[in-house]
Amino acid sequence: MGGGPGCFGCLPIIGVVDLAQGSFSEFTGVGFGFINGLAVDSADGIFCTTTEDDASVEFYNLATKIGFAVVLPGSGSQQIFSGADVQFDPIHKVFLVAQPVSSSSSQGSTIYVYSVNGGLNETINGFNFSNTFNVVPMHIALHPSLRSGYVDGPDAGVTELQSFTY
């Protein structure tokens, strides 16, 4: 789980729930602001988040609770370029990060594909998934065996889906 005070420049708080053991622990994360997206690679004990204030993607080791941040390409750590939804492909061991306002293209939105160790594998431009007036933020749905997925859009009224491959 991800949370925190949500103030500009504040560090996020990460909560770890172990349902099998009935335990809960928390620790201070890296990145700044509240968490926009979170996905877990449970087989390897790694999880990935995006934070609101600094346009970064964070990678954590669940066992050690140690993480590091990677700034989204071309963002200059500016809030407008912050990432949103994060999804994990367990077959190909990659995290997909949605960026509503692209810092890699002059217009539209972007999806970045990261390895579990934080390396950028691919940049996919050509989307339009602004969350400006939507109650439910955009999200990525994956079909890992086909290396494909879907996102909301391009219609701002969220009446369409756009497919992609990675």
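Me: Which order do the strands of the open sheet of three have, and in what sense do they pair?

Reply: A word on ground rules before the sheet. This is a predicted model, where local features need pLDDT of at least 70, side-chain atom pairs count only at pLDDT 80 or more, and totals for chains, interfaces and linings use all residues. Residues are numbered from 1 along each chain as its sequence is written, and side-chain values use heavy atoms, with hydrogens and water left out. Strands are DSSP runs of E, at least two residues long, numbered from the N terminus, and two of them pair if DSSP finds at least two bridges between them. Here the order is β12-β13-β14, with antiparallel pairing. β12 (140–143) and β14 are the edge strands with a single partner each, so one side of each has no neighbour in the sheet. On average, neighbouring strands in this sheet are turned by 25° against each other, direction ignored; the axes behind that angle are lines fitted to C-alpha atoms.

Me: How many bridges hold each pair of strands?

Reply: β12 and β13 share four bridges, with H143 opposite S148 of β13. Between β13 (residues 148–152) and β14 there are five, and Y150 has S163 as its bridge partner there.

Me: Which side chains of β14 point to the buried face?

Reply: Start with the cut-offs: buried is under 20% relative accessible area, exposed is over 50%, and partly exposed lies in between (1.4 Å probe, protein chains only). Along β14 (residues 161–165) the side chains alternate, with Q162 and F164 on the buried face. L161, S163 and T165 point to the other face and are not buried.

Me: How many aromatic pairs are there, and how should I read their geometry?

Reply: Rings of Phe, Tyr and Trp (its six-membered ring) pair if their centres lie within 6.5 Å; planes under 30 degrees apart are stacked, over 60 edge-to-face, and the rest tilted. That rule gives nine aromatic pairs. Take F47 and Y60: their ring centres are 4.6 Å apart and their planes at 10°, so they are stacked. The pair links distant parts of the chain, F47 in β5 and Y60 in β6, 13 residues apart. F47 is buried at 3% relative accessible area, and Y60 is buried too, at 2%.

For the other geometry, look at F127 and F164, with centres 5.6 Å apart and planes at 85°, so this pair is edge-to-face. Again distant parts of the chain are linked: F127 sits in β11 (residues 120–127) and F164 in β14, 37 residues apart. Both are buried. Ring pairs also link F59, F68, F88, F95, Y112 and Y114 into a cluster.

Me: Where do residues other than glycine with positive phi sit, and are they buried or exposed?

Reply: Two cases to look up. A55 has a phi of about 50° and lies in the loop between β5 (46–51) and β6 (56–61). With 0% relative accessibility, A55 is buried. K65 has a phi near 60° and belongs to the loop between β6 and β7 (66–71); at 31% relative accessibility it is partly exposed.

Me: What does the chain look like as a whole?

Reply: It has zero helices and 14 strands. The radius of gyration, taken over C-alpha atoms, is 15 Å, close to the 15 Å from the globule rule (2.2 Å times the number of residues to the power 0.38) for 166 residues, so the chain is as compact as a globular protein of that length. The C-alpha trace spans about 45 × 40 × 30 Å along its principal axes, and 42% of the 166 residues are buried.

Terms used
Axes are lines fitted to C-alpha atoms, for helices over the stretch in contact, and angles run from 0 to 180 degrees between N-to-C directions.
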